[in-house]
Amino acid sequence: FVMSYTYYFSDRFDNYKPASRKTIVNLFGTKCPGLEKFLETEKVNYHRFSDMQKVFDYIVTHIK
């Protein structure tokens, strides 16, 4: 057995989708300038808490 975590992002209609580059860009790409470049330059593991916290912090500080 292997223990793993799956993180999710949701929209305002409570539609939950697993955290991935595609999901994050679709949900926040137009509202958060530079998000795609951030995800390209940072190596993000979408199953690691510290990496997801880094992405969340970026979105919160750069969202319009």
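**Close-up A. Glu40 and its salt bridge to Arg21.** Glu40 counts as exposed, with a relative accessibility of 58%. The model shown here and in every other view is predicted. Glu40 pairs with Arg21 in a salt bridge. The closest N and O atoms of the two are 3.5 Å apart. Glu40 belongs to helix α2 and Arg21 to helix α1, so the bridge ties together parts that lie 19 residues apart in sequence. Arg21 is partly exposed, at 32% relative accessibility. The exposed cut-off is over 50%, so Glu40 at 58% passes it, whereas Arg21 at 32% does not.

**Close-up B. Lys54 and Glu42 meet in a salt bridge.** Their side chains come to 3.3 Å, N to O. Lys54 sits in helix α3, and Glu42 in the loop between α2 and α3, so this pair ties together parts twelve residues apart in sequence. Both ends are partly exposed: Lys54 has 33% relative accessibility, and Glu42 has 29%.

**Close-up C. Arg48 and Asp51 form another salt bridge.** The N to O separation here is 3.7 Å. Arg48 is partly exposed, with a relative accessible area of 43%. Asp51 is buried, with a relative accessible area of 7%. Buried means under 20%, so Asp51 at 7% qualifies and Arg48 at 43% does not. Asp51 lies in helix α3. Leaving out residues up to four places away in sequence, Asp51 touches Lys43, Val44 and Asn45. How many salt bridges does a search of the whole structure find? It finds three.

**Close-up D. Helix α3, its span and its buried face.** Helix α3 covers residues 49-62 and has 14 residues. From first C-alpha to last, α3 reaches 20 Å. That is close to the 20 Å expected at 1.5 Å a residue. Which residues of α3 are buried? They are Asp51, Met52, Val55, Tyr58 and Ile59. Seen down the axis of α3, these buried residues fall within an arc of 120 degrees, so they line one face of the helix. The general geometry is familiar: an α-helix has 3.6 residues a turn, so residues three or four places apart point the same way. The face of α3 turned away from the buried side carries the exposed residues Phe49 and Thr61. Cover for the buried residues of α3 includes β1, α1 and α2.

**Close-up E. Phe9 in strand β1.** Strand β1 runs over residues 8-10, and Phe9 lies in it. Is Phe9 buried or exposed? Phe9 counts as buried, at 10% relative accessibility. Neighbours within four places in sequence aside, Phe9 is in contact with Asn15, Tyr16, Lys17, Ala19, Ile24, Leu27, Phe28, Met52 and Ile59. Met52 and Ile59 are also among the buried residues of α3. Phe9 and Ala19 are ten residues apart in sequence. In space, the C-alpha atoms of Phe9 and Ala19 are 5.9 Å apart.

**Close-up F. The largest nonpolar core.** This core has 16 residues. Those with the most contacts inside the core are Phe9, Ile24, Phe28, Leu35 and Leu39. Helices α1 (21-28), α2 (35-41) and α3 (49-62) each supply at least two residues of the core. Two of the residues just named, Ile24 and Phe28, are also contacts of Phe9.

**Overview. The whole chain, for orientation.** The protein has three helices and two strands. From the N terminus, the elements run β-β-α-α-α. With 64 residues, a compact globule would have a radius of gyration near 11 Å; the protein has 12 Å, which agrees. Its C-alpha atoms fill a box of roughly 40 × 30 × 15 Å along the principal axes. Of the 64 residues, 28% count as buried. Among contacts between residues at least 6 apart in sequence, 42% join residues at least 24 apart.

Conventions: Residues numbered from 1 in each chain as written. Predicted model: local features only at pLDDT ≥ 70, side-chain atom pairs only at ≥ 80, totals over all residues. Heavy atoms only, no water. Core = buried A, V, L, I, M, F, W, Y, C linked by side-chain atoms within 4.5 Å. Buried < 20%, exposed > 50% of the residue type's maximum accessible area, 1.4 Å probe, protein only. Helix = DSSP H or I, 4+ residues; strand = E, 2+ residues; numbered from the N terminus. Contact = heavy atoms within 4.5 Å. Salt bridge = Lys/Arg side-chain N within 4 Å of Asp/Glu carboxyl O. Expected span 1.5 Å × (residues − 1). Arc of directions from axis to C-beta. Rg over C-alpha atoms; globule rule 2.2 N^0.38 Å.
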